[in-house]
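Biologist: Before we discuss any label, please show me the structure, and then explain each word as you use it.

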Amino acid sequence: MMCFKKCLIFIPLAVSLVFGQELLINGNFEQELPVGWTYTDSGYGTHRALRGTEYQPDPDYEAWVYQYDNPGWTKLSQIVDVPGIALNLSFWAKFNESGGSSTCWPAPSVRVRYYDINNAPLGETRYYYSTYADWVSSPTLSLRRVTNPNWTRYELNIADEIAANLPGVNPDEVAKVEVALWAYTSGG
Ligand SMILES: [Ca+2]
């Protein structure tokens, strides 16, 4: 079956992960994206990851991650060693989607993934904005559906999050945290 073409835009601003001090490098995007951030994509469709001052009406820089057509994804991510889970994540973001159906859909996301010392994934917290996404929470996946399309500041206390919503994650094993700006389109 043909899938209606679609695109999505996802714009984050000033991502911060604090354990007493800031752990992310270039979380405010004031330097070029390769500083601190790793770009990857699925290879199919049109991908964009840019930084600029114009996406949010202030003089500071933001990043912009874009994926057009399905299936595919564009990702800007950063993984850092953490000295424990007494972490506070905060970010400003504006999510946008266009098109989609129950069988193929866009879902701009911010993924926060928890890893052990050997880089094995333990679990994930996923903020996402999508009309049709059919993801289901599990003991290792905490879903946070965003319905506000406007610029919003999001905050996450990671110790509380793991205790309350990720019973499958052993907090003592968390040694690294990845923050990913993930523009995703499913199916097709
Ligand atoms: Ca700006």
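Modeller: Two strands are said to pair if DSSP finds at least two bridges between them, and helices (H or I, at least four residues) and strands (E, at least two) are themselves DSSP runs, numbered from the N terminus. This is a predicted model, in which local features need pLDDT of at least 70 and side-chain atom pairs count only at pLDDT 80 or more, while totals for chains, interfaces and linings use all residues. Residues are numbered from 1 along each chain as its sequence is written.

Biologist: Which elements does the chain have, and in what order do they run?

Modeller: The chain has one helix and twelve strands, and from the N terminus on the order is β-β-β-β-β-β-β-β-β-β-β-α-β.

Biologist: What makes S3 and S10 the edge strands of the open sheet?

Modeller: The sheet is formed by six strands in the order S3-S6-S12-S8-S9-S10, with mixed pairing. Strand S3 (38-41) and strand S10 (141-145) are its edges, since each pairs on one side only. From one strand to the next the twist averages 20 degrees, where axes are lines fitted to C-alpha atoms, for helices over the stretch in contact, and angles run from 0 to 180 degrees between N-to-C directions.

Biologist: How do you know that S12 pairs with S6 and with S8, and how many bridges are there?

Modeller: S6 and S12 are joined in the antiparallel sense over ten bridges, and seven bridges join S8 to S12, also antiparallel; pairing asks for at least two bridges, so both pairs qualify. Lys75 has Trp182 in S12 as its bridge partner, Arg111 has Ala180, and Tyr115 stands opposite Lys176.

Biologist: Why is S12 called largely enclosed?

Modeller: A residue is buried if 20 or more other C-beta atoms lie within 10 Å of its own, exposed if 12 or fewer, and partly exposed in between, with C-beta atoms placed from the backbone. Eight of the ten residues of S12 are buried, so the strand is largely enclosed by the rest of the structure. Of the 188 residues of the chain, 36% count as buried.

Biologist: What makes Cys104 buried and Ser77 partly exposed?

Modeller: Cys104, in the loop between S7 and S8, has 21 other C-beta atoms within 10 Å and is therefore buried. Ser77, in strand S6, has 15 such atoms within 10 Å and is therefore partly exposed. Ser77 touches Trp37, Thr38, Glu178, Val179 and Ala180, not counting residues up to four places away in sequence, and contact here requires C-beta atoms, placed from the backbone, that lie within 7 Å. As for Cys104, its C-alpha atom is separated by 4.6 Å from that of Gly187, although the two are 83 residues apart along the chain.

Biologist: How do you describe Asn26 and Phe29, in backbone angle and in burial?

Modeller: Phi of Asn26 is near 60 degrees, a positive value in a residue other than glycine, and Phe29 likewise has a positive phi of about 60 degrees without being a glycine. Asn26 is found in the loop between strand S2 (21-22) and S3, as is Phe29. With 18 other C-beta atoms within 10 Å, Asn26 is partly exposed, whereas Phe29, with 24, is buried.

Biologist: How do you know that the buried residues of H1 line one face?

Modeller: The buried residues of H1 are Ile158, Glu161 and Ile162. Seen down the helix axis they fall within an arc of 95 degrees, so they line one face; the arc is that of the directions from the helix axis to the C-beta atoms. The face turned away carries the exposed residues Asp160 and Ala164, while the cover over the buried residues includes S7, S9, S10 and strand S11 (152-157).

Biologist: Which residues touch the most other members of the largest nonpolar core?

Modeller: A nonpolar core is a set of buried Ala, Val, Leu, Ile, Met, Phe, Trp, Tyr and Cys residues joined through C-beta atoms within 7 Å. Of the 44 residues in the largest one, Phe10, Ala63, Val65, Val179, Leu181 and Ala183 touch the most other members. The elements giving two or more residues to this core include strand S1 (7-19), strand S5 (62-68) and helix H1 (158-165).

Biologist: Why does the radius of gyration agree with a compact globule?

Modeller: The radius is taken over C-alpha atoms, and the globule rule is 2.2 Å times the number of residues to the power 0.38. With 188 residues the rule gives a value near 16 Å, and the chain has 16 Å, so the two agree.

Conventions: Two residues are in contact if their C-beta atoms, placed from the backbone, lie within 7 Å.
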